[in-house]
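The following exercises concern a predicted model. Please work through each task with the sequence and structure at hand before reading the solution.

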Amino acid sequence: MKMIIVAAGQGTRLRPLTNEIPKCMVQYKQKSIINYILETANSCGINDIGIINGYKNKVLEDYLKDKKINFFTNKYFDKTNMVSSLFCAKDYMDDDLIISYADIIYKNEVLKKLLNSQDDFSVVVDRDWKKLWSLRMENPLDDAETLKLKNGNIIEIGKKAHIYEDIEGQYIGLIKISKKILNKVIKFYDMLDRGASYDGKDFDNMYMTSFIQMIINNLLNVKPTFINGGWIEIDSLDDLKNLEKIDENFNI
């Protein structure tokens, strides 16, 4: 089992905290986000870890120099988005794989649930998402995205939600792909039209949810791994302020 943490972005909504450090090094309750993720991974038996950096890459590499990390750099981090960053580590993808965003903190139980999934492509879905979103913002519907299910499969993900009924849970930024179908996913990505538009974005700036939706539509079933809380997202200065009240067990 390997883990890839996608940490190339600039974290502009966390400025000035990210003026000199990457987003994943921002502190939450006296510990950096990246150290939360690494400690959770290690406690669940994942020690083969790759980090895709970009913005302030040397700062991050120096910060983690005492840890056994495989680094991959997206040199075009300021012109690309998450999917482009992920596939900078394409040659590293040769085993069962966990993919984690770098601005989320999650309990061991969340990662263990995903590790125990027997599905070839599974994403973590929080059914109690509204509790967290209500702490982070005045109107959860302004930010939340659609997630629709049918016959145990995710059939829609990542679109703008206009009613709560279109949100059967919220994708948190944590994915598991089995080694068995990993090459199929990589080949699918390689064959995508570089000149097409993907939910209004060009190929290099494609959202992860857009890529997952294309996998759903064209390649294979994507399954939910359900949780009920136990995680937080730190995307902005408001998140840091509003989530400070959450206790260390993330009982939200």
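**Exercise 1: Burial of a helix**

Task. Identify the buried residues of helix 7 and state whether the helix is enclosed or open.

Solution. Inspection of helix 7 shows that Met208, Thr209, Ser210, Phe211, Ile212, Gln213, Met214, Ile215 and Ile216 are buried. The helix spans residues 208–218, and 9 of its 11 residues are buried, so helix 7 is largely enclosed by the rest of the structure.

**Exercise 2: Packing of two helices**

Task. Describe how helix 6 packs against helix 7, and characterise the residues in contact.

Solution. Two packed helices are described by the angle between their axes and the distance between the axes. For helix 6 (residues 179–191) and helix 7, the angle is about 105 degrees and the axes lie 11 Å apart. Since angles of 65 to 115 degrees count as roughly perpendicular, helix 6 is roughly perpendicular to helix 7. Next, the contact itself: Val185, Phe188 and Tyr189 of helix 6 meet Phe211, Met214, Ile215 and Asn218 of helix 7. Of the residues in this contact, 6 are nonpolar, 1 is polar and none is charged.

**Exercise 3: Strand 1 and its partners**

Task. Which way do the residues of strand 1 point, and with which strands does strand 1 pair?

Solution. In a regular strand the side chains alternate between the two faces of the sheet. In strand 1 (residues 2–6), Lys2, Ile4 and Val6 point one way, Met3 and Ile5 point the other way, and all are buried. Strand 1 runs parallel to strand 4 (residues 48–53), joined by 5 bridges; here methionine 3 has isoleucine 49 as its bridge partner. Strand 1 also pairs with strand 6 (residues 97–101) in the parallel sense over 5 bridges, where isoleucine 5 stands opposite serine 100.

Methods:
Residues numbered from 1 in each chain as written. Predicted model: local features only at pLDDT ≥ 70, side-chain atom pairs only at ≥ 80, totals over all residues. Heavy atoms only, no water. Buried < 20%, exposed > 50% of the residue type's maximum accessible area, 1.4 Å probe, protein only. Helix = DSSP H or I, 4+ residues; strand = E, 2+ residues; numbered from the N terminus. Pairing = 2+ DSSP bridges. Axes fitted to C-alpha atoms, helices over the stretch in contact; angles between N-to-C directions. Parallel < 35°, antiparallel > 145°, perpendicular 65-115°, else oblique. Contact = heavy atoms within 4.5 Å. Nonpolar A, V, L, I, M, F, W, Y, C, P; charged D, E, K, R; others polar.
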